[in-house]
Structure formats: structure tokens, C-alpha cells
Amino acid sequence: MTLALRTSGHLAADRRYDYARGAAAEGDHAAAADLLEQTLEIAPTWAPAWFALGEAREALGARDAAVQAFAQALAHEPEDSQGARLRLARLGAHDMPAQPPQAYVRDLFDQYAARFETHLVKDLLYRAPAILRDAVLGHRGPDARFVHALDLGCGTGLMAREIAAHCARMDGCDLSPAMVAKARASGLYGRAETADLIDFLKSYEARSIDLVLAADVFVYCGDLAAIFAAVARIVVPGALFVFSLQRAEKGTYQLGEDLRYAHARSYVGALAEAHGFAIAACDDVSVRQDRGQPVPGLCVVLVAP
Ligand SMILES: C[S@@+](CC[C@H](N)C(=O)[O-])C[C@H]1O[C@@H](n2cnc3c(N)ncnc32)[C@H](O)[C@@H]1O
């Protein structure tokens, strides 16, 4: 939750909200909904209480009432750092957003940054950076050298740890300042910027980059067309564009129950063709687990024209 949203400005409302969160954490969603309705009587425009009420009502199976609460959350916080649009889309009450709200991704990973590596790598068996490294070296050989690599959505810098030894220079960007602070502290990036990846790509000269990586990032980017166009502009002929995806079995891309986007192989193929990239690999992989099960994904290696 962004700093500005952390309190309603009313002590009694904040207290009821805290009790409601406690009840929800214990699975008592009826008590949570009741406490949140009381919270909103005191602080009727406080978006976090509306959002939490949406979650409680959704857990109770009250779909229409949940939609109403998420819609209120969005109306009272249009920046949407809580991701109400995604919840509404998942409930079928809003078109699927082509991108998640930037404020939502930023806050999600700002809150996650401190425990990202232990939780993701140890608990969810996260392997995207190692899978991408193997894909790059599998294509170019174990002694591959790159002049200037970019790591889109670099997070804490796990990708650089895998591949920086093969790159004369590696720059990265991430929407989350807390993630970028960790990436900078790794000392592995020439430049590590807090930026949306498309803005970051646009900051490079045409035909200046020979490796672009995105490990488990496009799950937070639905429509990839603008990303492909921005990468195509800055890569040198023969450059590699290597990324992981969550796999959709049909269509183009879709928002999943887990609020992450999945992309179809045919969608990637169409974008690659539109920008002249050759598909060197588009392999079935799983980069992490969800509730003990491998999440189906793709590892894609494209070669620039
Ligand atoms: C699951 S993490 C992966 C981080 C890193 N690539 C790794 O493998 O450890 C996804 C990262 O993508 C970043 N991200 C998502 N959408 C982004 C965007 N449009 N621009 C820049 N960063 C983005 C998030 O902030 C988050 O740090």
C-alpha cells in the first residue's frame, strides 16, 4: 500500500480495518466484511478498506457485492496501486487491461523486495535467470561475449549474477525503487534505473545493444507489441532477445487467476515475424512453482535481423 493510503486519517477506522485484516487472515471473511463496512461508515472514501471489502466479499462468493467494492476502490484511488482493475477483470466486470497499473506493480515489488530472493528462489523454486542463461549460452556457446546487454525488470539482480561475466556492460531497469536499490548494490550493473521498461528501451540509441533479457517480467506486461517494437529499434543484427513467459494455450495473452499474464506461443511467433526476429528457440519450461505445482511457461530466444 502506498504511504499516502496507509491510514484513513481516523483512528477508529484504522483500528477496525486492522481487526478486519486479522479476521481475513484467519479465514473469517464474514467478520472481516462486517468490520470493513463499519470502517467505511467512518471513512467512506478510503480505498484500502473498499479493496479489502472486495476481497472479503469475493472470498464469501458474493460476486456482485465484490465488484461494487472493487469499483469503489478504483474510484477513490484511480492510480490503482492495489490492482482493483485486475480484480474487476478477473471477476468479468472490466475489460482485461492491456497492462497492469504501474503503481500496482511498483508497490507489489517494493513490498516484496526484502524477501524476494528467499521466498522466490527457496520457496517457489524460481529458476528463470538460470534458464535464460542456459538458453543464451546454449545458442551462442559457453564462451559467448556480449558488448552491451540490457536486463528488463531486473529486480534484485539475479539475472546479472547469472550472465554478467559474459557481458562487457550490463544495464537494468525496474519499476520498483526497492528492487533497483538491491540491483545497484550488487555492483553488476553499469546503469540500474527505476523506470518502465519501454521508457528505458527508448533511452538507447538505435542499433546499440546485442543482448536483451527479461526474466519473468512479461507476466506483468500483457500486450507485448510495444516492447517488441522498442527492442527491435535498438538491437544490432544478430543480437539476442531472450525472455520467459507464462504459457497460454490459445489466443494472444490472458490474465490468469494468479493476476499474472500468460502468452500463447502463436502470439510470440506473430510478433517475432512482424519485427523480423528469427525464432531460435521457444521451449516449454517452468520457471517457478505455484502451490507445489510447476507453472507452465516458455523460454524464448529470438535473433535480431
Ligand atoms: C518476478 S520479478 C523478476 C525479477 C528479475 N528479472 C529476476 O529474474 O529475478 C518481476 C520484476 O519485473 C518488474 N517489472 C514488471 N513490469 C515492469 C515494467 N513494465 N517495467 C519495468 N519493470 C517491470 C517488477 O517490478 C519486478 O521486479
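Modeller: Let's start with a term: two residues are in contact if their C-beta atoms, placed from the backbone, lie within 7 Å. Keep in mind that this is a predicted model.

Biologist: Thanks! Which residues of α1 and α2 meet by that rule?

Modeller: On the α1 side they are Ala12, Ala13, Arg16, Tyr17, Tyr19, Ala20, Ala23 and Ala24. Their partners in α2 are His29, Ala31, Ala32, Leu35, Leu36, Gln38, Thr39 and Ile42. By class, this contact holds 12 nonpolar, 3 polar and 1 charged residues.

Biologist: Why are α1 and α2 called roughly antiparallel?

Modeller: Their axes cross at roughly 165°, and angles over 145 degrees count as roughly antiparallel. The pair is therefore roughly antiparallel. The axes come within 8 Å, and the crossing is left-handed.

Biologist: What makes α1 and α3 roughly parallel, then?

Modeller: Here the angle is about 25°, and the cut-off for roughly parallel is under 35 degrees. So α1 and α3 are roughly parallel to each other. Helix α1 covers residues 11-25, and its axis lies 11 Å from that of α3. This crossing is left-handed.

Biologist: Which residues make that contact?

Modeller: Tyr17, Ala20, Arg21 and Ala24 of α1 meet Pro48, Ala49, Ala52, Glu55 and Ala56 of α3. Sorted by class, they give 7 nonpolar, no polar and 2 charged residues.

Biologist: That leaves α2 with α3. How do you know that they are roughly antiparallel?

Modeller: Helix α2 (residues 29-42) and helix α3 (residues 47-59) pack at about 155°. With the limit for roughly antiparallel set at over 145 degrees, the two are therefore roughly antiparallel. Their axes are 9 Å apart, and the crossing is left-handed. From α2 the contact takes His29, Ala32, Ala33, Leu36, Glu37, Thr39 and Leu40. From α3 come Ala49, Trp50, Ala52, Leu53, Ala56, Arg57 and Ala59. The classes are 10 nonpolar, 2 polar and 2 charged.

Biologist: Happy with the helices! Where do the domain bounds fall?

Modeller: The domain assignment gives domain 1 as 3-95 and domain 2 as 112-303. The C-alpha centres of these two domains lie 33 Å apart.

Biologist: And the ligand: what makes a residue count as near a molecule?

Modeller: Its C-beta atom, placed from the backbone, has to lie within 6 Å of the molecule. There are 21 residues around the ligand, and Gly153, Gly155, Leu158, Leu197 and Ala215 come nearest.

Biologist: Which helices and strands each supply at least two residues of that shell?

Modeller: Those are α6 (102-112), α8 (128-140), α9 (158-163) and β2 (170-174).

Biologist: How do the residues of the shell divide by class?

Modeller: They comprise 15 nonpolar, 3 polar and 3 charged residues. Gly counts as polar here, so Gly153 and Gly155, both among the nearest residues, go into the polar class.

How values were computed:
Residues are numbered from 1 along each chain as its sequence is written. This is a predicted model: local features need pLDDT of at least 70, side-chain atom pairs count only at pLDDT 80 or more; totals for chains, interfaces and linings use all residues. Helices (H or I, at least four residues) and strands (E, at least two) are DSSP runs, numbered from the N terminus. Axes are lines fitted to C-alpha atoms, for helices over the stretch in contact, and angles run from 0 to 180 degrees between N-to-C directions. Angles under 35 degrees count as roughly parallel, over 145 as roughly antiparallel, 65 to 115 as roughly perpendicular and the rest as oblique. A crossing is left-handed if the near helix is turned anticlockwise from the far one by less than a right angle, and right-handed if clockwise. Domain bounds come from an automatic or database domain assignment.
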